[in-house]
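Trainee: I am new to this structure. Can we walk through it together, one short question at a time?

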Amino acid sequence: EIITRMERVGLVSQQANGRWQVGPMTEADVHDHYAMRRILEPIALGEAAARLTPAMIDAQIAALRGFRADPGRVGTRELLLIERWLHQDIVLACDNRVLADSIKRSQLPLISTHISFTATRSEASVLCTIDQHLLVLEALCRGDVTAAAAALTAHLELAAGVAGARINQISPVDIPTALPFL
């Protein structure tokens, strides 16, 4: 069942001889997953917006501003947390479970691109990610769901380019061996 689930999200594939193969994820794969996310996540954000509490949004904005003030303390763990706040806690809070499941299937294979951030990180990329998330959250705080969805679309477009380029720069020795999701 686990292998079937992994195959469903594109993490493994079964070869003609019946053996299972993992990866590699290509730049085209990254762009395809981000294309799906760019279409679906803004819709889910619009559906979820009414369910979000101002306290939740305010807490995330405050935390992001704290990270922005000290980007050096943002490592892989913090980056995954920042991504979870927007792309899971908010976007996947939509009522439509089929929509949420489709989004999650396109998010899962991209976890590796966030892990590779450890090897290729720069303070500029940390600040850019934080600023993009702040644009979405600040629009939600103002009650401007249209602006929040547009900011999310722009963020995903930029992230697709960054992740696609990063996947070509990373080598197996750059990936940490003790990954928390394993």
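Trainee: Which side chain meets Glu-138 in a salt bridge?

Mentor: Bear in mind that this is a predicted model. Side chains of opposite charge can pair when their charged atoms come close. For Glu-138 the N to O distance is 2.8 Å. The partner is Arg-65.

Trainee: How many residues apart in sequence are the parts that this pair ties together?

Mentor: Glu-138 lies in helix 8. Arg-65 lies in helix 3. The pair therefore ties together parts whose separation in sequence is 73 residues.

Trainee: What is the relative accessibility of Arg-65, and how does Arg-65 count?

Mentor: Exposed means over 50%, and buried means under 20%. Arg-65 has 48% relative accessibility, so Arg-65 counts as partly exposed. Its partner Glu-138 has a relative accessible area of 24%. Glu-138, too, is partly exposed.

Trainee: What span should helix 3 have, and how far apart are its end C-alpha atoms?

Mentor: Helix 3 covers residues 54-69, which is 16 residues. At 1.5 Å a residue, the expected span is 22 Å. That agrees with the distance between the end C-alpha atoms, 22 Å.

Trainee: Within what arc do the buried residues of helix 3 fall?

Mentor: The buried residues are Ile-57, Gln-60, Ile-61, Leu-64 and Phe-67. Viewed down the helix axis, they line one face, because they fall within an arc of 125°.

Trainee: Which helices do those buried residues pack against?

Mentor: The face turned away from the buried side carries the exposed residues Pro-54, Ala-55 and Ala-69. The buried residues of helix 3 have two packing partners: helix 4 (76-90) and helix 8 (123-142).

Trainee: Where is the kink in helix 4 centred?

Mentor: Start with the length of helix 4. Its 15 residues should span 21 Å, and the end C-alpha atoms are 20 Å apart, which agrees. Helix 4 also has a kink of about 40°. The centre of that kink is Arg-84.

Trainee: Which helix gives the largest share of the largest nonpolar core?

Mentor: In soluble globular proteins, nonpolar side chains tend to be buried together. Here the largest nonpolar core has 40 residues, and Leu-45 is among those with the most contacts inside it. Helix 2, helix 3, helix 4, helix 5, helix 8 and helix 9 each supply at least two residues of this core. The largest share, nine residues, comes from helix 9.

Trainee: How far apart are the closest N and O atoms of Arg-37 and Glu-41?

Mentor: Arg-37 and Glu-41 are four residues apart in helix 2, so about one helical turn separates them. Both are buried. They form a salt bridge. Their closest N and O atoms are separated by 2.5 Å.

Trainee: Which residue forms a salt bridge with Arg-51?

Mentor: Arg-51 lies in the loop between helix 2 and helix 3. Its partner lies in the loop between helix 4 and helix 5, so the pair ties together parts that are 44 residues apart in sequence. The closest N and O atoms are 2.8 Å apart. The partner is Asp-95.

Trainee: How far apart in space are His-31 and Glu-157, C-alpha to C-alpha?

Mentor: His-31 is in helix 2. His-31 touches Ala-160, Gly-161 and Gly-164, not counting residues up to four places away in sequence. In sequence, His-31 and Glu-157 are 126 residues apart. In space, C-alpha to C-alpha, the distance is 9.2 Å.

Technical notes: Residues are numbered from 1 along each chain as its sequence is written. This is a predicted model: local features need pLDDT of at least 70, side-chain atom pairs count only at pLDDT 80 or more; totals for chains, interfaces and linings use all residues. Side-chain values use heavy atoms; hydrogens and water are left out. The expected span of a helix is 1.5 Å times one less than its number of residues. Buried means under 20% relative accessible area, exposed over 50%, partly exposed in between (1.4 Å probe, protein chains only). The arc is that of the directions from the helix axis to the C-beta atoms. Contact means heavy atoms within 4.5 Å. A nonpolar core is a set of buried Ala, Val, Leu, Ile, Met, Phe, Trp, Tyr and Cys residues joined through side-chain atoms within 4.5 Å. The bend at a residue is the angle between axes fitted to the seven residues ending there and the seven starting there. A salt bridge is a side-chain nitrogen of Lys or Arg within 4 Å of a carboxyl oxygen of Asp or Glu.
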